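Colleague: I'd like to learn how to read helix packing and a few backbone oddities in a model. Could you walk me through one?

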Amino acid sequence: MQAPTGSTPAIRLTRLRKEFTGTPPVVAVDDIDLEIAQGEFFSMLGPSGSGKTTVLRMIAGFEEPTSGTVELAGADVTRRQPYDRDVNTVFQDYALFPHMSVAENVEYGLVVKKVARAERRTRVAEALEQVRLGDHGARRPAQLSGGQRQRVALARALVNRPKVLLLDEPLGALDLKLREQMQVELKAIQRDVGITFLFVTHDQEEALTLSDRVAVFNAGRIEQVGTAHEVYESPSTAFVAGFVGTSNLLTGEAARAVIRRDGSFAIRPEKLVVVPEAGVAHPDGHPDGHSDGHHDGHPEAAGTLEEVVYGGPVTRYVVALDAGGRLTALEQNSGARAPSAPRRGDRVTLRWDPAHVIDVPSTPAAAPAAATSGPTRTGPSRNS
Ligand code: ADP
Ligand code: MG
């Protein structure tokens, strides 16, 4: 969802910067610009230490920017105190009061703010309804599941009726199954409540699943902003191609041999088909499993299966290409597996549709590293 032109964004960050003094000093957030539309489910995705939490804390007012501005619904709030901003934060390590009921936990903030009793009751009931805990108000936190406790934490923020909810890895403490369940719930709650969610995660699948749009962070900067589809199918840097999904990057000699053009290329694992060597048809009669070429108009590359990882619904194949480089292919386990399924050490051919080859632009900063080792950086090279 793009910000409709003309409407005021819920959040606008302009050249926002945060330096922490120390030895060495850290540029945690490096002059970022970002606009988030009202009602959007927006995620900040990036590895640990890339500056996501610091951005969130500057929006909430817990951290003062070194420079730049934070606007909420068109108002510059950069110098305002946290309580004077229409946002609420849900953290990963939410602490509920164990001796209070669920309803009292949710009500607590309103008591502190001296909201009248009748109003408090209405708003607590509403917030508990929003997180689907309408029947659980009388319980103690200890009588709830992990997912339900997380929803109480959410209700505690929603009861303030903020225009923006900031969520810092709120599902990080939950185990995988619960986490997936809560992702679905969170999305549904956001749709119902209709307020802007700014969600921080280092989990690419979580960001892709939940978000209208995603900003991919790397070392204090935003490398790309786009829909889940855009950042996955059309990564604009080698870093994004590598961090969002399995990278499968071909560079240098391997790229030239396999893609037959200069540059860096990515192919998503699910777009690659693994053909066992025995099954490779050679219409012209002579087997040539060692060369890279085309078959029925589809490019292909020969290699050796380095690893076969069975993962329930899918199997993952890691293929070391004869041309150099390594590609991972993902295959759905949709039918009965043939007894001739490829095994480690087997010769195989990979095939793909040329339309699925992603040109990964060599950004000045990423180019030197991308030539050999993919999305790692070798330090500042923008001036070279
Ligand atoms: P993320 O949330 O993406 O993991 P953070 O925003 O927490 O990243 O941190 C970004 C960088 O800023 C890291 O290098 C971190 O060590 C540093 N940092 C964060 N908070 C402080 C602080 N209070 N003092 C010094 N350095 C900090
Ligand atoms: Mg963080």
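Modeller: Sure, and keep in mind that this is a predicted model. One term before we start: two groups are in contact when they have heavy atoms within 4.5 Å. We'll also say buried for a residue under 20% relative accessible area.

Colleague: Okay, let's use those. What covers the buried residues of α4?

Modeller: The cover includes β6 (87-90), α2, α3, β7 (164-168) and α5 (176-193). The helix itself, residues 146-158, has 13 residues. Of these, 10 are buried, so α4 is largely enclosed by the rest of the structure. Among the buried ones are Gln148, Arg151, Val152, Ala153 and Ala155.

Colleague: How far does α4 reach from its first C-alpha to its last?

Modeller: It reaches 19 Å, close to the 18 Å expected at 1.5 Å a residue. You can run that check on α5 too: its 18 residues should span 26 Å, and the end C-alpha atoms are 25 Å apart, which agrees. Just after α5, Gly194 takes a positive phi of about 80°.

Colleague: Now for pairs. What describes two packed helices?

Modeller: You quote the angle between their axes and the distance between the axes. For α4 and α5, the axes come within 11 Å and cross at roughly 25°. Angles under 35 degrees count as roughly parallel, and that makes α4 roughly parallel to α5. The crossing is right-handed.

Colleague: Which residues meet there?

Modeller: From α4 you have Gly146, Gly147, Gln150, Arg151, Leu154 and Leu158, and they meet Leu178, Met182, Glu185, Leu186, Ile189 and Val193 in α5. By type, this contact splits into seven nonpolar, three polar and two charged residues.

Colleague: And what do the buried residues of α5 pack against?

Modeller: Besides α4, they pack against β3 (41-45), α3, β7, β8 (196-201) and α6 (204-210). Met182, Glu185, Leu186 and Ile189 are among the buried residues of α5, and these four names also turn up in the contact with α4.

Colleague: Let's try another pair. At what angle do α2 and α3 pack?

Modeller: Helix α2 (residues 102-112) and helix α3 (residues 117-130) pack at about 125°, with their axes 10 Å apart. That makes α2 oblique to α3. Their crossing is right-handed. On the α2 side the contact is made by Val102, Ala103, Val106, Glu107, Leu110 and Val111, while α3 brings Arg120, Arg121, Arg123, Val124, Ala127 and Leu128. That gives eight nonpolar, no polar and four charged residues.

Colleague: Now the backbone. Which residues are joined by a cis peptide bond?

Modeller: Thr23 and Pro24, with omega at about -5°. Look for Pro24 in the loop between β1 (11-20) and β2 (26-36).

Colleague: Which residue in the loop between α4 and β7 should I check for phi?

Modeller: Arg161 lies in that loop. Its phi is near 50°, a positive value in a residue other than glycine.

Colleague: Is Arg161 buried or partly exposed?

Modeller: Partly exposed, with a relative accessible area of 41%. Arg260 makes a good second exercise: it has a positive phi of about 70° although it is not a glycine. You'll find Arg260 in the loop between α9 (252-258) and β12 (264-266), and it is partly exposed at a relative accessible area of 49%.

Conventions
Residues are numbered from 1 along each chain as its sequence is written. Chains are lettered from A and ligands numbered from 1 in the order in which they are written. This is a predicted model: local features need pLDDT of at least 70, side-chain atom pairs count only at pLDDT 80 or more; totals for chains, interfaces and linings use all residues. Side-chain values use heavy atoms; hydrogens and water are left out. Axes are lines fitted to C-alpha atoms, for helices over the stretch in contact, and angles run from 0 to 180 degrees between N-to-C directions. Helices (H or I, at least four residues) and strands (E, at least two) are DSSP runs, numbered from the N terminus. Angles under 35 degrees count as roughly parallel, over 145 as roughly antiparallel, 65 to 115 as roughly perpendicular and the rest as oblique. A crossing is left-handed if the near helix is turned anticlockwise from the far one by less than a right angle, and right-handed if clockwise. Ala, Val, Leu, Ile, Met, Phe, Trp, Tyr, Cys and Pro count as nonpolar, Asp, Glu, Lys and Arg as charged, and the others, Gly among them, as polar. The expected span of a helix is 1.5 Å times one less than its number of residues. Buried means under 20% relative accessible area, exposed over 50%, partly exposed in between (1.4 Å probe, protein chains only).
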